[in-house]
Amino acid sequence: MDLSQLSTVLTEINSEFDQRIAEASTLSVIDQLKSDFVGKKGRVALLYRQLGQIEASLRPSAGELINAVRDRIEATIEDLYPAVRRAERSKTIASDVNDPTSVILRSYQGSGRIHPVTRTRMELEDIFVGMGFSVEEGPEAESEWYNFEALNIPKFHPARDGQDSFYLDLDGDDQVVLRTHTSPVQIRVMQSQTPPIYAVMPGRVYRRDTADARHTIGFHQIEGLVVDKGITFGHLASTIETFTKAYFGPDMNARLRPAYFPFTEPSAEFEVTCTICRGKGCRTCSGTGWIELGGCGMVHPNVLRAAGLDPEVFSGFAFGFGIDRLTQMRDEIADMRILTENDLRYMRSI
Ligand code: DAH
């Protein structure tokens, strides 16, 4: 090889390098170029190894020619690094969107659920909204007046006994209790709306019970209230029947049995076909084929009056039942306490 041949090769190397570096936009491509051209086994290293083929007197000049190309390639690469590094970083940052919810959803996938009682409440709301009812809420800490008096539950009625209610130790004229049922929301709805009223009122209630397989001290009820002109017991019965079929299925029935509640007259307990035996009779329903779900009746004139409505003009019906009890029936839960114990074996099974 002579000097002119060498410089032809070097020109080739230079132009090839220029071509490839113009297309290089990532660090890994540039690293590859570096090793291809000026690395230990690269094109330039190969030329150094061929120096021996050049006449001895020409070797220093040959060496200088190669050095110049090597230095140029190395300098070009070094100059390029910072810009490419910066471009790569901003690309990573742009794709690595900092959305904390996505991290949470990813890491908790499959382990979060809606609580079964909440699910029942949502299903009930859906059904009643489909029947034209609105969904209302009231406070969990209530005055005695709303929780009892306005509902025609006089002083000294057993339901007011300290045994059943949690009283809050607050200063004030009015005694405040944790509501023992959702019925006080009826009063609030009648005070804030003018008939026609078609409302359901779900929520948490509290009783000083001893927790056992069928009772917890905090549970949930859903209350229903219809007030309009000309509302009859027939409307109540057909509403309960329509709801029962919508919630449990078309082969399920509801029946009403005479009962007593202070806030309705007449009053009834409503029962639905036993979900376990489908009406044939089993241990759960004590062989009757029916399971008691809640209470209902025609709103007592005293209750309408307490809420500021004239019982000569308006009539209405109300009903109330336990959401936890419904969940227990649907999911065949043996012991209600499991609903609040956060036992992971149960939580994962629902
Ligand atoms: N408040 C009653 C309870 O907690 C349930 C109830 C019965 C609600 C009859 C009503 C009703 O609206 O009409 O046991």
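Mentor: A residue counts as buried when its relative accessible area is under 20%. Please keep in mind that this is a predicted model.

Trainee: How many residues of strand 6 are buried?

Mentor: In strand 6, 11 of its 11 residues are buried, and the strand is described as mostly covered.

Trainee: Which residues lie on each side of strand 6?

Mentor: One side carries G218, H220, I222, G224, V226 and D228. The other side carries F219, Q221, E223, L225 and V227. Residues on both faces are buried.

Trainee: What pairs with strand 6?

Mentor: Strand 5, residues 197-206, pairs with strand 6 in the antiparallel sense over 10 bridges. Strand 10 also pairs with strand 6 in the antiparallel sense, over eight bridges.

Trainee: Which residue stands opposite Y198, and what is the bridge partner of D228?

Mentor: Y198 stands opposite V226 of strand 6. The bridge partner of D228 is S315, in strand 10.

Trainee: Let us change topic. How many aromatic pairs are there in the whole structure?

Mentor: The search finds 12 aromatic pairs. In one of them, the ring centres of F17 and F37 are 5.3 Å apart and the planes stand at 75°, so this pair is edge-to-face.

Trainee: Why does that pair tie together parts that are apart in sequence?

Mentor: F17 belongs to helix 1 (residues 3-23) and F37 to helix 2 (residues 27-38), so the pair joins parts that are 20 residues apart in sequence.

Trainee: Are F17 and F37 buried or exposed?

Mentor: F17 is buried, and F37 is buried as well. Another aromatic pair, F128 and F319, is stacked, with 5.5 Å from centre to centre and 25° between the planes.

Trainee: Where in the chain are F128 and F319?

Mentor: F128 is in helix 6 (residues 116-130) and F319 is in strand 10 (residues 315-322). The pair links distant parts of the chain, 191 residues apart.

Trainee: Why does F128 count as buried, and why F319?

Mentor: F128 counts as buried because its relative accessible area is 1%, which falls under the 20% limit. F319 counts as buried because its relative accessibility is 3%.

Trainee: Which residues form one aromatic cluster?

Mentor: The cluster is formed by F128, F133, Y198, F243, Y247, F248, F270, F319 and F321. Y198 was mentioned above as standing opposite V226.

Trainee: What lies over the face of Y146?

Mentor: R188 does, at 3.8 Å from the ring centre.

Trainee: Now to pockets. What is the volume of the second largest pocket?

Mentor: The second largest pocket has a volume of about 200 Å³. It is lined by 13 residues, and those closest to its centre are H115, V117, R204, H220 and D324.

Trainee: Which element supplies the largest share of that lining?

Mentor: Helix 6 supplies the largest share of the lining of the second largest pocket, with three residues. Helix 6, strand 6 (218-228) and helix 11 (323-331) each supply at least two.

Trainee: How many residues of each class are in the lining?

Mentor: The lining of the second largest pocket has four nonpolar, six polar and three charged residues.

Trainee: One last topic, the open sheet. What is its strand order?

Mentor: The open sheet of three strands has the order 2-4-3, with antiparallel pairing. Strand 2 (141-143) and strand 3 (167-168) stand at the edges with a single partner strand each, so one side of each has no neighbour in the sheet.

Trainee: How many bridges join strand 3 and strand 4?

Mentor: Strand 3 and strand 4 (residues 176-178) pair over two bridges, in the antiparallel sense. Y167 has V177, in strand 4, as its bridge partner.

Conventions. Residues are numbered from 1 along each chain as its sequence is written. This is a predicted model: local features need pLDDT of at least 70, side-chain atom pairs count only at pLDDT 80 or more; totals for chains, interfaces and linings use all residues. Side-chain values use heavy atoms; hydrogens and water are left out. Rings of Phe, Tyr and Trp (its six-membered ring) pair if their centres lie within 6.5 Å; planes under 30 degrees apart count as stacked, over 60 as edge-to-face and the rest as tilted. Helices (H or I, at least four residues) and strands (E, at least two) are DSSP runs, numbered from the N terminus. Buried means under 20% relative accessible area, exposed over 50%, partly exposed in between (1.4 Å probe, protein chains only). A charge sits over a ring if NZ of Lys or CZ of Arg is within 6 Å of the ring centre and within 35 degrees of the ring normal. On a 1 Å grid over the protein atoms alone, a cavity is a set of points where a 1.4 Å probe fits but cannot get out, and a pocket is an open set with protein on both sides within 12 Å along at least five of seven lines; lining residues have an atom within 4 Å of a point. Grid points are joined across faces, edges and corners, and a volume is the space filled by probe spheres set on the points. Ala, Val, Leu, Ile, Met, Phe, Trp, Tyr, Cys and Pro count as nonpolar, Asp, Glu, Lys and Arg as charged, and the others, Gly among them, as polar. Two strands pair if DSSP finds at least two bridges between them.
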